[in-house]
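Colleague: Please take a close look at the backbone of this chain, in particular at the places where its geometry departs from the usual. One connected account will do.

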Amino acid sequence: MLQLACVGVGTVLVLRVRPLLGSLAFAELMVVASVAGIVTIAGWVLLRREHKSTLRMAHSMLEERVLKASLQETVEKRTIELEEAQRVLQRMWWLGQQITLELNPQRVLERFLEAVSDIAGADGGAVGLIGEEGRLHIVVGTGLLATYAGMTVSMADSAMGRVIRSGAAWTVTDIDEHPEQVSAEVYEQVRGKLRGMAIVPISRRGERIGAVNLVTRESRRFTTADLERIESMSDLLSVSLENAELVETLRKTEWRFRTLFRAAPDAVFTVLQSGRIREANDAVREITGLEPRLTVGREIVELVAEADRPPLQSALDATLAGRPSRVEVAFQHEEEGVITRRIVAVAMSRLPEADPPALLLVARDVTTEREMRSRLMEADRLAAVGELVAGVAHEVNNPLSSISAFSQLMLRDEGLTESQREGLEVIKSETIRASQVVKDLLAFARRSGPHRELVDLNDIVERTLRLRGYQMKSSKVTLVTQLSPQIPHVAGDARQLQQVCLNLVVNAVQAMTATGGGTLRLMTHSDAGKVVMDVQDTGGGIPAWAKARIFEPFFTTKEEGEGTGLGLSVSYGIIAAHGGTIEAVETSQQGTTMRVTLPSSESI
Ligand SMILES: Nc1ncnc2c1ncn2[C@@H]1O[C@H](COP(=O)(O)OP(=O)(O)OP(=O)(O)O)[C@@H](O)[C@H]1O
Ligand SMILES: [Mg+2]
């Protein structure tokens, strides 16, 4: 504008100075003025155009800035959304880990419910699984639905049942607006307490096994993303549940086998190729005298008596080579100087597919059977001996009576010389001694029952000890009696029972005299309808080789003239006729215990 004004003022000035200038100079001035005018107008036009483009540029810059701001806002919003999604994913991953780590099915369900409630932001939830009878069991509940755990719901009219049948997740923003969607019974219970609800089915290998129900206190819409997340957690649940159930089954099976193994009445070992024990059950204690865990790692052959080691080893070798074997060995252990032996029948076989190779050994304690068998054999043998002895005794008895009668008759003759009389006296006394032996033999072989009266065994013991008091003192034997006052009477022959007691006491005192004295203990007690008398000494014991023969008539280890070997055989005969038993229950270099067991009169 200013430039146009200048052009105007210039034109006026040129017209004013025109009269003052020559026509040539004027023409030149006009040309200059015209050129200036043209230049000015062109500059103005250009300036105008420039101005317009500047304005356009400013406008577009402004637009660009607005666009940038909105873009930034979108990016920020997406970033927040992505961060939130990542947080949820991380949480799902972590909770998923927790679920898979659980090995107990119930804990898996609890963990799962905690996880889905957390991820979906619910105020409570429950998991229902279809039971065998077709009803829905609420197996776990939390938050607002905690009290529903343990309930069973009908599949037909519950919302969970409907979701399971349809297989599609279902959600409602406010249950109060759709009360018909849940069973009337449930609605009555939940009314006013909860509003938002989402139910997602749970499947295992394509089969629908239940549903998870999540609820909120306020009305709330569970989004599609929420439902999808619950669905993916449900997939994880079915896998974890299956794993946990497998582990549980495995654990139960393992427990069952372990219990069977531990509680087996026979001793059971598993033994490695090296002969070392790998496992041992509780019954092992009975035969080895050791805590089962202390036998683990030891060589099994070490636990048996030295003589039985080679047969046991060859049975182990044969079994390892695939030939199952059986062997009878004595397990032996020493405790406080006392050696205990148990006769054990061992059956062994190779464990199939065991790695490393191992053997299974089942060991049955047959000590009692073996003892019983040997006792029966002994009784049989003694019965046979008794038969023979009875026959001989009868045969000898008659000539003895005649010899005795005739010697006495001849002794009446007054015309006998001194030496004849002496000879006849010897015949008489020897026949009396021989008759006594025959009487003893008949006592051993006695078949008929003894004379019966009620006898107090304590009385018998005391009477016997009175008889032997002096002999004991002179043999440096200390006497200890432990007589139970409560023992019942026995029905029997007091005189014969006293003879038994006397025989045992004499043997005990003789055994201790040989070792220079000791302690004699006489004990009585009752045990399950039986009366027991123990005669215990601290003598040198019965030699192992002699133990099986002590009840045989004429078996003695004593010097000639000291013992005839009839004491125990007579006692055996008497006790057997009373329906009782007599045995050496213990004998070692520390002493011997002889035990007499008689039925009480009450038990007859
Ligand atoms: N308490 C004991 N301690 C050690 N050995 C014993 C004991 N009791 C018996 N015996 C052994 O048993 C054998 C048989 O005993 P038994 O009483 O039958 O005969 P004896 O004592 O030798 O002779 P008898 O009793 O006829 O005088 C004995 O010789 C002895 O070897
Ligand atoms: Mg004797």
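Modeller: F554 is partly exposed, because 13 other C-beta atoms lie within 10 Å, and a residue counts as exposed only at 12 or fewer. The model is predicted. F554 sits in the loop between strand 16 (530–537) and helix 14 (567–577). Its phi is near 65°, a positive value in a residue other than glycine. Most residues other than glycine have a negative phi, and most peptide bonds are trans.

R205 also has a positive phi without being glycine, here near 45°. R205 belongs to the loop between strand 5 (196–204) and strand 6 (207–216). With 8 other C-beta atoms within 10 Å, R205 is exposed, because the limit for that class is 12 or fewer.

A further departure concerns a peptide bond rather than phi. The bond from D355 to P356 is cis, with omega near 0°. P356 lies in the loop between strand 10 (338–350) and strand 11 (358–365).

As for the wider setting, the domain assignment divides the protein chain into domain 1 (2–72), domain 2 (102–253), domain 3 (265–365), domain 4 (372–444) and domain 5 (453–603). By these bounds R205 falls in domain 2, P356 in domain 3 and F554 in domain 5. The centres of domain 3 and domain 4, taken over C-alpha atoms, are 55 Å apart.

Conventions
Residues numbered from 1 in each chain as written. Chains lettered and ligands numbered in written order. Predicted model: local features only at pLDDT ≥ 70, side-chain atom pairs only at ≥ 80, totals over all residues. Domains from an automatic or database assignment. Helix = DSSP H or I, 4+ residues; strand = E, 2+ residues; numbered from the N terminus. Buried ≥ 20, exposed ≤ 12 C-beta atoms within 10 Å, placed from the backbone.
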